[in-house]
Structures are given as C-alpha cells and as structure tokens.
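I opened my notebook to look up how the strands are arranged and where the nonpolar residues gather.

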Amino acid sequence: MSAVHADLHYTKTHEWVKVHGDGTATVGITDHAQEALGDIVFVETPEVGRQVDAGDGCAVVESVKAASDIYTPLAGEVVEVNAALADTPELINQSAYGDGWIFTLRVADPGAVSGLLDAAGYQAVLDAEV
Amino acid sequence: MGLRTPLFAEHERLNARIVPFGGWDMPLHYGSQLEEHHAVRRRAGIFDVSHMQPVDITGSGASAFLRRLLANDVVKLKDPGKALYSCMLNEQGGVVDDLICYYRGPERYRLVVNAGTADKDLDWMQAQAVGFDVHIDRRRDLAMIAIQGPQARAVAAALLPADCRDAALAIAPFFAADGARWFVGRTGYTGEDGFEVILPAEDAPELWQGLIAAGIQPCGLGARDTLRLEAGMNLYGQDMDETVGPLESGLGWTIAWEPAERRFIGREALTALRDNPARRDFVGLLLTGRGVLRGHQQVLSDGRPVGEITSGGFAPTLERSIALARVAPGLGATCAVDIRGKAVPARVVKTTFVRHGKPAQAL
C-alpha cells in the first residue's frame, strides 16, 4: 500500500503540499504517484521567480516509462527548486514526501489550501482508483 | 482481461506489475525496471516471452515458400539450427512483421513472430501459401523463456534436458539446439549473450522456477524495451510497420538482393525506393542536452523539422537518453529534438548504443 501522510494536503492528480508557517509551501508527488511511474530518470523543475496559477503545469517528471506533468496545487511565486533532483532524480522514488520534494512556492492566498484534499480525502481518491 | 501465458501465476507470485501488451497480460516489471536492466547487462535476467508465436513451416515446398515470403533468403541457411532475421513484406514494401527463421533440416523451418501481429501474420502466410506444398503450424502449445546476460548460458545449461544441454553450450551465436521437447536458440533481444528456450507450455513453470531459484532476476517488458533500444534493435509497430519498409528502418542489411531472379514479395517496391534520393535515413540519436527522448518527438536541423523519433527513452547503461529516428537524407553529425517546445541538442550516431555490456558509442 502507498503511504499517505496526515500533515500534508493533496490533489486528485497526486501532488502533495506541505504548508509552512512562513507563507511558503513545498510541493512534490505522492508515494502512489512515484510507484505508478516507476523508476524516475529526469525531472524538469520550474524557474525560480516564476509566477504560477493553481493547476498550472510547472514541472515534468520522467520515468523509464513516460513523462508526467506536475501541476501546482496553489498559486504563487516559485522561490526554490530541489537542485538535487538534477543528478539524483531517484530521490522521488526513495523519498517522495521528503528528499524528493520538487519546488517551494510563496503562496499567493494561504486560505486556498482549504480547497485541497486532506489525507482522508486523498486516501478516498486512491481507494476509488483500485 | 487479456490472454495469459503459462507463466502468469509465476508473475503474480513475484508481484509483477501487469500491463496489457499485444492482447496479452504481461509483466511490465517486478519492482524496478532499472535493476532488471542492469542485471541483464551485468549478470543475467529471464523474460517470459511466451506471448511470441512460434510457427512451424514444413512440406516439400517449404524453402520455395519462404524464399517468396521473406525479404531475407533462407537459402543462406545451410547448417541445421542456423537462424536468420528477416522482414516479411507486403507488395508495397511495407513490413507485415519482422521475425526469426530457424532452419531445422531439409524443408523444416521454425519462425517466431510478434505477439500483436500473430493473427494477421498467419492469415498473410496462409494467403501466400496457395500453390506451395507447405504446412503452416501455429504452435499454441509452446511457451518461450529468454535467458539473457553474460552469465545466462552457464546458469541455464544446468536446467536444460540432457538431449540438448551439450549442444546448447556448443552452438555459435544465432544457432539453435533442437532437442526432442525443447528448442534452445542462442538468440535474444538485448545485445547480450543468452538463450531463448522454446518448450512445451507444461514444462515452462518448472524451468522458470529453477532459474529463479538459481538467483536469476526476472525481467519485464520495461527492461526488455530499454535493453533492445540500447542494442539498436527495432520494435515492430514503432520503428517500422506496414507503411514503412526495411530500407527506411535501418534494416537494409536484412534484404537479400541476390540472386536477382528471386521474386520475393515487396521486391519491386524496394527496388524503386533503393535508388530514390529522397529515401529517408534511420539513425541513432544521443541526447547531449537534458531531458528524455520519446517516440514521435520532432527532429530539428537548423530549426526545421527533418524527421521523427520512432523509439526513444533513457538508456540505463549509458545514463543518457537515446533514440532511433527516421530523418530526411543528409542530416549532419548533430541535430536538435523538440522536447516540449524546446530545441534540445543531440548527436547523430550509429544505431547500436551498447553491445555485450559496454557502450558502443563515445559519450
């Protein structure tokens, strides 16, 4: 079974968001997503400074099988990307919720996070897919 | 639900991720496609290829029939067990399928055709067989296991029946040892040494379990694809099909033009294309920029589209992305590929990227 963490928010398209106390939020893909993609061999991260709207495709994760667009769950400005993914994209397979994070946003509207799925809501999405 | 091979229960027991392929439910991987790939390059791996279809061709007209049916010429097969790779063409010079033909003795041949094309192949063969004294036997009773890698033959030999074990170890590459029940070809689709064992379906689980018990890595279709791409081997339906023939798919070497009087199907169309200056080239691409090459991406030269990738992906042995591409003639030593709107630079190289575990190209 794929892991779902209680302290994160989620999208139906299998991204996770961790909201920090300083108005930023970190985005990655879920354990379920990395497992479905298989071995990840390349990650295209967004440019730091880019303004993104919720739902924008702003990263691409490529596995041995296929390329997948990663959509930002929240609007804001990209303030940091995970540079380690350039040489070690497999961090996403090894640690989807930790070292495999993809980018951090300065969130435009902190209230928007309430529109995302909580852990129970995302678990229901996974249960419905099986 | 798709068709299931005699080894389906083994795949489930090994927790394979099962995907539909050519009408069959087949293992994509058993955990990590990359580990499976490396196992074959460094040690050995096994593949269930029972979805592929052996077809036995016999009768006093077998040779004459195959010399008409195939673009390569079975007259080259003089020694029993010798194998030949060939395209089976339509009249327009397009590829109905690519296959291996083994010579088993006078007027006795065994073909192995692709899974997804087997039904149409058999229809095509039956239609072309009119007027030949030939018997076409689709062998649904057989399974097929590929054992590939530098250690493959040594490990597999211990599990072969006595009547073909010594012969299997003695044969040269691209030959087969013909036992009473098992047929062991020193062939494969990975660029490594190894065997492809064709055996009765009921014998297959025991051989599979024996190879697993010997510590051999089970490998799925995912690793099979990256291994064959690194080896520069074509995949039917991607690199060539009924609309694109061998001359534009890097398979010109499989056409037996001599003797000139042999009238194989598709010969006239190929002859016309051979001397056409617009005939497209089939090249290898090695990505020098960042990203992953994929099928159907556009190849660019001086910013203009000049062709298309037919197969692309990440090459685990090279830790680079590689591709096969069909391009307009005259492409230079470098080009670019359109990856999501960006022109990413690539080198134009020969289509063999890896052979026997080693890079065949300077990186």
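I note at the outset that this is a predicted model.

**Entry on the sheet in chain A.** I began with a single bridge and found that Ile40(A) has Ser63(A), a residue of β6(A), as its bridge partner. Widening the view, I saw that β6, which covers residues 57-63 of chain A, pairs with β4(A) over 4 bridges in the antiparallel sense. I recalled that strands of a sheet pair through backbone hydrogen bonds, either parallel or antiparallel. I then traced the whole open sheet, which is made of 3 strands in the order β4-β6-β7 (chain A) with antiparallel pairing. Why does one side of β4 and of β7 in chain A have no neighbour in the sheet? I wrote down that β4 (40-44) and β7 (67-71) of chain A are at the edges and have a single partner strand each, so one side of each stays without a neighbour. From one strand to the next, I noted, the twist averages 25 degrees.

**Entry on the cores in chain B.** I next looked up the largest nonpolar core, which has 30 residues, and listed Phe47(B), Leu89(B), Tyr102(B) and Leu270(B) as those with the most contacts inside it. At least two of its residues come from each of β5 (83-89), β6 (95-105), β9 (142-148) and α8 (221-230) of chain B, and β5(B) gives the most, with 4 residues. I followed Leu270(B) further and, leaving out residues up to four places away in sequence, found that it touches several residues, including Leu89(B), Pro246(B), Trp257(B) and Phe264(B). Finally, I recorded another core that lies apart from the largest one and has 26 residues, among them Ile46(B), Ala152(B), Ala168(B) and Ala177(B).

Technical notes:
Residues numbered from 1 in each chain as written. Chains lettered and ligands numbered in written order. Predicted model: local features only at pLDDT ≥ 70, side-chain atom pairs only at ≥ 80, totals over all residues. Heavy atoms only, no water. Pairing = 2+ DSSP bridges. Axes fitted to C-alpha atoms, helices over the stretch in contact; angles between N-to-C directions. Core = buried A, V, L, I, M, F, W, Y, C linked by side-chain atoms within 4.5 Å. Buried < 20%, exposed > 50% of the residue type's maximum accessible area, 1.4 Å probe, protein only. Contact = heavy atoms within 4.5 Å.
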